[in-house]
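Please look over this model before our next discussion. My notes follow, point by point.

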Amino acid sequence: MSEKFSSFADFLQQTANQDRQFLRGDELNKIPESVNALANSLGGWIVAGAEIDSQENIIISGLDENIKIFRPDSQIFDSPAKIIIFPVNSLSWHDKPQNLNKKIFRRVEGINLISSKFYSSLMAADSLEFSRDDFPVYNFSLDDESIKNFRRIIIKSHDEYKSLNHQNFLRKTFIYSGKYLTFAGALMFGDCLSIRAELHNKSQIISLESKNIWRAYSEILPRLTLKLSDRCADSFREIFINSLLHSDYNIDTHINITINSRPARVIIDNPGTIRGTTRNLRLKKIFSLAGIRTKGLESIKLYEPSFKLNQDMLNFRVNATLSLEGRKIILL
């Protein structure tokens, strides 16, 4: 289903005989279960910003203007209020999302068998992983120092952000969606993540740890690349940032970085398998806004023949290994 419609009325008319799930703005947390239901049946449409009353009339309630659903096949209507629609295709039996312990999972790509003994190990990421970092997080506080540091970086290249009050700044920089903190904002600036780096140098082990993504990027990464050549440091940053953007934080919130001096190499271990597109799109937007862009893992493979990427499909993890120069790697 890839149709484009001229108006919301046109959509309603053309899809009258198809399954459609209508959700109000305060019901967006039901998107995963709605996708699950449609994908397990004949497919259909998610309609965010409208509802059906007891007389089967469609009531357009609209969405907050800051709410976005990052899907290439979504369509937005602004009249009479903001509505977002996107299709959900019926999936083949080996790709269908399943419910397990009240969570929604999808089978690992390429595994086309069913085994009750290994049922849970055959499940992969949340079936709505493309927009999980858009979901609201309640009763959660942000790290003030991380936000202050981030704001200083943003204002340097975006002068128009200087006059924004605190709440508007958080909304403008994708940390909030409307009045709600997003999952991506909590990961980037909160205290819900563990990123651990260890330097193994002869018999000594030096450890660094960060409680959020921004501190890992702004505090840990510069210390890990201080003594590397420009070319090697660039490759290091690429695999470091890519691991943050591709991690499946629904499975685990631990990212481990190990640096060995003999042989000189860095190993980054993160949860989740590599997808064709970035898993955490809102995180990517926050990075891009701060002027932090990545070339992608393919560019590292092109310039660094010593780079290796290994995926553990059953345990849903990725190991990225990059050989480093044989000299002092870190200065603490």
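**Notes on the predicted model**

1. Mean pLDDT (the predictor's confidence in each residue, from 0 to 100) is 78 for the protein, and 79% of its residues reach 70 or more. This is a predicted model: local features need pLDDT of at least 70, side-chain atom pairs count only at pLDDT 80 or more, and totals for chains, interfaces and linings use all residues. Residues are numbered from 1 along each chain as its sequence is written, and side-chain values use heavy atoms, without hydrogens and water.

2. Confidence peaks in helix 3 (residues 144-157), at a mean of 93, and is lowest in strand 8 (residues 103-106), at 54. Residues 107-128 stay under 50, yet the model gives them 59 contacts (heavy atoms within 4.5 Å) beyond four places in sequence. Residues 326-332 are also below 50, with 23 contacts beyond near neighbours in sequence.

3. The protein has nine helices and 17 strands. These are DSSP runs numbered from the N terminus: helices are H or I, at least four residues, and strands are E, at least two.

4. Of the 332 residues, 49% count as buried (under 20% relative accessible area, 1.4 Å probe, protein chains only). Among contacts between residues at least 6 apart in sequence, 62% join residues at least 24 apart.

5. One open sheet has four strands in the order 1-2-6-5, with mixed pairing. Its edges are strand 1 (20-23) and strand 5 (75-77). Strands 2 (residues 44-48) and 6 (residues 83-88) pair antiparallel over five bridges; pairing requires at least two DSSP bridges. Trp-45 has Pro-87 of strand 6 as its bridge partner.

Conventions: Buried means under 20% relative accessible area, exposed over 50%, partly exposed in between (1.4 Å probe, protein chains only).
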